[in-house]
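I open this notebook page to record what I looked up in one chain. The entries follow the order in which I checked things.

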Amino acid sequence: MTACHFLSLNVRGLRNKEKRNQMFSWFRHQKANVVLLQETYWSRDIENIVRNEWRGPCFFSHGSNHSCGVAILFDPNLAIEQVKVNGKEGRLLIINVKISDINMMLVNVYAPTQKKFRDKFYSSLLQNFKKQYSNEDLKETEVILGGDWNCVISVKNDVQGTKSKFYCRNRYLQKIIKKYSLCDIWRKFNPKRKQFTWRNLSLKRALRMDFWIVNNNIYKRTVSTDIRPAVRADHN
């Protein structure tokens, strides 16, 4: 498999054609082969428009015109096959796909902001994994989970400013990481570094709540991982 560049971004609404054009142009400039989007605000009536503008395979899980929505876009030049898609309420999209003869499971996450709903979401995600996958099932699969998790993995290292219980590690997410031997790939490459993906308007609080969690198959192949400023988005 040739080098493949994955990009994840909370776009906070992408119904506006001008904004889509700018964002799609930026994705191409970043040379992204697979793009995970959160908070698209897309719906079925806009799917064909998005496909025509992106010009590559697109998969969706819709929320409403003003909330949620996740999508995964593939480079039109990327050879993908055997696609199996599962989506849920504009917050979760799971795609099992073969890219250049390599089996991959891509999971795009947009977790709820409120803790009680976030716990329910992650609990459901854990149960979903338990029903469908065992460690043995995933041995020959490259597993990549990305998105806006609305929580952090480490309060000590991933939060700047006020540290409240809101930002605590989610126990169900930790169970998923442990059970399936996953890792926070950016932290693996940057064990002591502090860098964030979101800041509040006053710039007094910052979080790294957008991240990738991968299995060992991907970790061994990964060349680099970074956090970049994005155009027309309040997340990096």
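**Small sheet**

I started with S9 and strand S12 (residues 206-207): they run antiparallel and are joined by 2 bridges. This is a predicted model, and I read every entry below with that in mind. Across that pairing I found valine 159 opposite leucine 207 in S12. I then traced the whole sheet. It is open, has 3 strands in the order S9-S12-S11, and its pairing is antiparallel. Strand S9 (159-160) and strand S11 (198-199) stand at the edges with a single partner strand each, so one side of each has no neighbour in the sheet.

**Six-strand sheet**

Next I took the other sheet on my list. It is an open sheet of 6 strands, ordered S5-S6-S7-S8-S13-S10, and the pairing is mixed. Its edges are strand S5 (80-88) and strand S10 (183-184); each has a single partner strand, so one side of each is left without a neighbour in the sheet.

I spent most time on S7. This strand covers residues 102-110, and 8 of its 9 residues are buried, so I noted it as mostly covered. I checked its two pairings in turn.

- With strand S6 (residues 92-99), S7 pairs in the antiparallel sense over 8 bridges.
- With strand S8 (residues 142-148), S7 pairs in the parallel sense over 7 bridges.

Then I picked out single partners. Leucine 92 stands opposite valine 109 in S7. Valine 97 has methionine 104 of S7 as its bridge partner. On the S8 pairing, valine 107 is matched with leucine 145 in S8. As a reminder to myself, side chains in a regular strand alternate between the two faces of the sheet.

**Positive phi angles**

Which residue takes a positive phi in the hairpin of S6 and S7? I found serine 100, with phi near 50 degrees; the hairpin has 2 residues between the strands. I looked for further cases, because most residues other than glycine have a negative phi.

Arginine 12 is one: its phi is positive, about 50 degrees, although it is not a glycine. Arginine 12 sits in the loop between strand S1 (6-10) and helix H1 (17-29).

Tyrosine 41 is another, with a positive phi of about 60 degrees, and again not a glycine. I placed tyrosine 41 in the loop between strand S2 (34-38) and helix H2 (47-54). Is tyrosine 41 buried or exposed? Its relative accessible area is 16%, and buried means under 20%, so tyrosine 41 counts as buried.

**Serine 134**

I moved on to the loop between helix H3 (115-132) and S8, where serine 134 has its place. Its relative accessibility is 30%, which lies between the 20% and 50% cut-offs, so serine 134 counts as partly exposed. I also looked at its distance to tyrosine 180. The two are 46 residues apart in sequence, yet 7.8 Å apart in space, C-alpha to C-alpha.

**Arginine 187**

Arginine 187 lies in helix H6 (residues 185-189). Its relative accessibility is 16%, under the 20% limit, so this arginine counts as buried. What does arginine 187 touch, not counting residues up to four places away in sequence? I listed Asn157, Asp158, Lys192, Arg193 and Arg208.

**Whole chain**

I closed with the totals. The secondary structure comes to 7 helices and 13 strands. The radius of gyration is 17 Å, close to the 18 Å that the globule rule gives for 236 residues, so the chain is as compact as a globular protein of that length. Along its principal axes the C-alpha trace spans about 45 × 45 × 30 Å.

Of the 236 residues, 53% count as buried. Among contacts with a separation of 6 or more, 66% come from residues 24 or more positions apart. The accessible surface is about 12000 Å², and 47% of that belongs to carbon and sulfur atoms.

Last, I looked up the charges. The chain has 42 positive and 20 negative side chains. The centres of the two sets lie 8 Å apart.

How values were computed: Residues are numbered from 1 along each chain as its sequence is written. This is a predicted model: local features need pLDDT of at least 70, side-chain atom pairs count only at pLDDT 80 or more; totals for chains, interfaces and linings use all residues. Side-chain values use heavy atoms; hydrogens and water are left out. Helices (H or I, at least four residues) and strands (E, at least two) are DSSP runs, numbered from the N terminus. The radius of gyration is taken over C-alpha atoms; the globule rule is 2.2 Å times the number of residues to the power 0.38. Buried means under 20% relative accessible area, exposed over 50%, partly exposed in between (1.4 Å probe, protein chains only). Contact means heavy atoms within 4.5 Å. Accessible areas come from the Shrake-Rupley method with a 1.4 Å probe; for residues, only the protein chains shown count as cover. Lys and Arg count as positive and Asp and Glu as negative; His and the chain ends are not counted. The place of a charge is taken as NZ of Lys, CZ of Arg, CG of Asp or CD of Glu. Two strands pair if DSSP finds at least two bridges between them.
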